[in-house]
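Student: Could we go through this one together, slowly, beginning with how the strands are arranged?

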Amino acid sequence: MKVVRLIKSTKTGKNVRVCAVGDGGNDVAMIQEAHVGIGILGREGRQAARVADFAVPQFQHLQKAILVHGVWFYYRLTTMMAHILYRCFILVIPQFFYGFDSGFSGQPIYDTTFKVFYNIFFTSLPVLVFGILEQQKSSKELLQNFTTYKKYRGNSLLDLKNLIWWIFLFTWHTFLVVYFPRLVLSDVITHFDLGMYSQLLNSLIVTIPLLKVFTSAVYVNWILVASLAFSFISYLTYSLLTAEIIKYPWGGALQFAYFPLLSSPEVWFALTLTLVLSMLPDLVIGGFRRLDYLCQRDNVKSQL
């Protein structure tokens, strides 16, 4: 415990996080004093493991716990937080922009049921699966190359540069969702009313976050694909139920708006073009990052 306090009291200790590892009862105070405590399930009992943040059966597992699971956990948590904030912003900001068109009269652009189901069924499950299963790099690559761990030690995924990138993304996506389809379709489709515009907007702010999760994932597995399919099918089912298959008992702007949109080639063109333009920054930046990663991996292999 005194060693941990000594490290914290130094000038350099104020900017670092201390990890304490122990396997016995005499290490309990040290583990509790450290920022992160790891207990070893050894012959001296389980006192250290019970008070620790993490427990491993043997000392040889420490390397994988820090260099592999530590990197995975940090990347999953920070990226999942960014996705959660992103999908909330892309839901709320269009209502703000619509206020300029409605004179800030309080006219909602979304149906009440859509706002309820958006975070429950339409967009939450893929983000949760991403936060549990995502692996930016395999365990073998992380054990062979420590540069990823060194890069993340400075909380690089939550720095100002990444914050500006995420702000640019949801601003760009929101601008496209609100204005681009209306610009394309306002002079093409007659009777382009609030119901059609709201239904078109709903489709975009559901599909874009799902595509964002899919393009962000490196470890694409069947559970992630199934969660994306479930979310999209849930939205399609909701759209059909609120249209003409089952009459919307309390009315609303969405009724009788879904099938006219589906029968219009111009709508499909506007949807496709909006999705392509919205995903273009992700695909370009993602391609450069992938190319940089492959170059770094080849350099590491050549040094081994």
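Tutor: Strand S1 (residues 19-22) and strand S2 pair in the parallel sense over four bridges, where two strands count as paired if DSSP finds at least two bridges between them. Helices (H or I, at least four residues) and strands (E, at least two) are DSSP runs, numbered from the N terminus. This is a predicted model, in which local features need pLDDT of at least 70, side-chain atom pairs count only at pLDDT 80 or more, and totals for chains, interfaces and linings use all residues. Residues are numbered from 1 along each chain as its sequence is written, and side-chain values use heavy atoms, with hydrogens and water left out.

Student: Ok, and what stands opposite Ile 38 of S2?

Tutor: That is Val 21. Between the two strands, the chain goes from S1 through helix H2 (residues 28-33) to S2, in a β-α-β crossover that is right-handed, meaning that, with the strands pointing away from the viewer, the path from the first strand over the helix to the second runs clockwise.

Student: Which strand is joined to S2 by three bridges?

Tutor: Strand S3 (residues 54-56) is, and S2 and S3 run parallel. One place to look is Gly 39, whose bridge partner in S3 is Ala 55.

Student: Why is S2 largely enclosed?

Tutor: Strand S2 (residues 36-40) is largely enclosed by the rest of the structure because four of its five residues are buried. Buried means under 20% relative accessible area, exposed means over 50%, and partly exposed lies in between (1.4 Å probe, protein chains only).

Student: Which way do the side chains of S1 point?

Tutor: They alternate, with Ala 20 and Gly 22 pointing to one face, where they are buried, while Cys 19 and Val 21 point to the other and are not buried. In a regular strand, side chains alternate between the two faces of the sheet.

Student: Since you mention a cysteine, how many disulfides are there?

Tutor: The structure holds zero disulfides, taking a disulfide as a pair of cysteine sulfur atoms within 2.5 Å. Cys 19 is partly exposed, at a relative accessible area of 38%, and Cys 88 also counts as partly exposed, at 31%.

Student: New topic: how much space lies in the second largest pocket?

Tutor: About 1,100 Å³. On a 1 Å grid over the protein atoms alone, a pocket is an open set of points with protein on both sides within 12 Å along at least five of seven lines, a cavity is a set of points where a 1.4 Å probe fits but cannot get out, and lining residues have an atom within 4 Å of a point. Grid points are joined across faces, edges and corners, and a volume is the space filled by probe spheres set on the points.

Student: Which residues are closest to the centre of that pocket?

Tutor: Of the 25 residues that line the second largest pocket, the closest to its centre are Arg 17, Val 36, Gly 70, Tyr 74 and Tyr 149. Helix H4 gives the largest share of this lining, 10 residues.

Student: And what is the volume of the largest cavity?

Tutor: About 40 Å³, and its lining includes His 83, Tyr 86 and Arg 87.
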